[in-house]
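Here's a quick briefing to read alongside the model. Have the 3D view open and click along as you go.

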Amino acid sequence: MERARSFPSRRRLLKGAALAALPYALLPEARATAQPAAVDYPGAEWTAATSSNYTASDRPNTYDLDYVIIHVTQATYADTLSIFRNPAKKVSAHYVVRSADGHVAQCVREHNVAWHAGNWDYNTRSIGIEHEGWVDKPAYFTNALYEESAKLTAAICDQYGIPKDRAHILGHYQVPGSDHTDPGPNWDWTRYIRLVNFA
């Protein structure tokens, strides 16, 4: 004799499914943690530096922002990003601009203090922008690099009320105590400041 099968009611099935789903509904969405941090400059790609290479802050509340400091990487774009991710290097910048196409990567949020100037006071009061290339290889200073960097610098100056002049847009070599020469004699400051002012 065959035994009658017992099937759960529809209501019981729905109640069980709802209870099974409940723990997952209470958890934050997984994709929310996978999203990159917001960038400060629209169009920049977020490529985070390790938190060992900058100081968390709340600028401009903790420090006034007075300068944009222009650097040249003395390395490739990819190598520079790798250096910023290496906690042993103790260096970072807010942005890196690629030579070939002017692509911008943001590595440190603007409210944090990047370690780029070699002078704590200037680090606290500036945004650092690295440019792919070498000071003695002017071919790296492409039209795209100048134009996209100038747009970035103009946006930073507009955001924080920084004057768009050579007293506030500095080369790394101008930072007191610096032993660096970048961006070097091949960087066209006249052209750059003009582009910043027309961006």
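**The lay of the land**

The protein chain has six helices and eight strands. Keep in mind that this is a predicted model. Starting at the N terminus, the elements follow the order α-α-β-β-β-α-β-β-β-α-β-α-β-α. The chain runs to 199 residues, and 40% of them count as buried. Take the contacts between residues at least 6 apart in sequence: 73% of those join residues at least 24 apart.

**Aromatic pairs**

- Ten aromatic pairs turn up in the structure.
- One of them is tyrosine 41 with tyrosine 95: the ring centres are 6.5 Å apart and the planes sit at 85 degrees, so this pair is edge-to-face.
- What parts of the chain does that pair link? Tyrosine 41 belongs to the loop between α2 (30-34) and β1 (45-46), while tyrosine 95 is in strand β4 (residues 95-97), so to speak a link between distant parts of the chain, 54 residues apart.
- Both tyrosine 41 and tyrosine 95 are buried, and for tyrosine 95 the relative accessible area is 0%.
- Tryptophan 187 and tryptophan 189 make another pair, with ring centres 6.2 Å apart and planes at 65 degrees, so they are edge-to-face as well.
- Those two tryptophans, 187 and 189, are both buried.
- Zoom out a little and you'll find one aromatic cluster made of Phe141, Tyr146, Trp187, Trp189 and Tyr192.

**Charges over rings**

- Arginine 166 places its charged end over the ring of tryptophan 189, 3.6 Å from the ring centre.
- Arginine 125 does something similar with tyrosine 122: its charged end sits over that ring, 5.4 Å from the centre.

**Salt bridges**

- The count for the structure is six salt bridges.
- Arginine 125 shows up here too, with its side chain meeting that of aspartate 121 in a salt bridge (3.2 Å, N to O).
- Aspartate 121 is partly exposed, because its relative accessibility is 39%.
- Salt bridges with shared partners tie Arg125 and Asp121 together with Asp66 in one network.
- Arginine 98 and aspartate 101 form a salt bridge through their side chains, at 2.8 Å from N to O.
- Arginine 98 has a relative accessible area of 26%, so it counts as partly exposed; aspartate 101, at 40% relative accessibility, is partly exposed too.
- Lysine 151 and glutamate 148 also meet side chain to side chain in a salt bridge (3.1 Å, N to O).
- How far apart are lysine 151 and glutamate 148 in helix α5? They are three residues apart in α5 (residues 143-160), so about one helical turn separates them.
- As a general point, an α-helix has 3.6 residues a turn, so residues three or four places apart point the same way.
- Lysine 151 is partly exposed at a relative accessible area of 41%, and glutamate 148 is partly exposed at 23% relative accessibility.

**Helix α3 and its buried face**

- Which residues are buried in helix α3 (residues 77-84)? They are Tyr77, Thr80, Leu81 and Phe84.
- Look down the axis of α3 and its buried residues fall within an arc of 95 degrees, so they line one face of the helix.
- The cover over the buried residues of α3 includes β1, β4, β5 (104-106) and β7 (126-131).
- Strand β4, one of those covering elements, is where tyrosine 95 sits.

**Cysteines**

- If you're wondering about disulfides, a search of the whole structure finds zero.
- For reference, a disulfide is a covalent bond between the sulfur atoms of two cysteines.
- Cysteine 107 is buried, because its relative accessibility is 1%.
- Cysteine 157 comes out buried as well, at 2% relative accessibility.
- Cysteine 107 brings you back to tyrosine 95: the two are twelve residues apart in sequence, and their C-alpha atoms are 5.7 Å apart in space.

Conventions:
Residues numbered from 1 in each chain as written. Predicted model: local features only at pLDDT ≥ 70, side-chain atom pairs only at ≥ 80, totals over all residues. Heavy atoms only, no water. Phe/Tyr/Trp six-rings, centres within 6.5 Å; stacked < 30°, edge-to-face > 60°. Helix = DSSP H or I, 4+ residues; strand = E, 2+ residues; numbered from the N terminus. Buried < 20%, exposed > 50% of the residue type's maximum accessible area, 1.4 Å probe, protein only. Lys NZ or Arg CZ within 6 Å of the ring centre and 35° of its normal. Disulfide = S-S within 2.5 Å. Salt bridge = Lys/Arg side-chain N within 4 Å of Asp/Glu carboxyl O. Arc of directions from axis to C-beta. Contact = heavy atoms within 4.5 Å.
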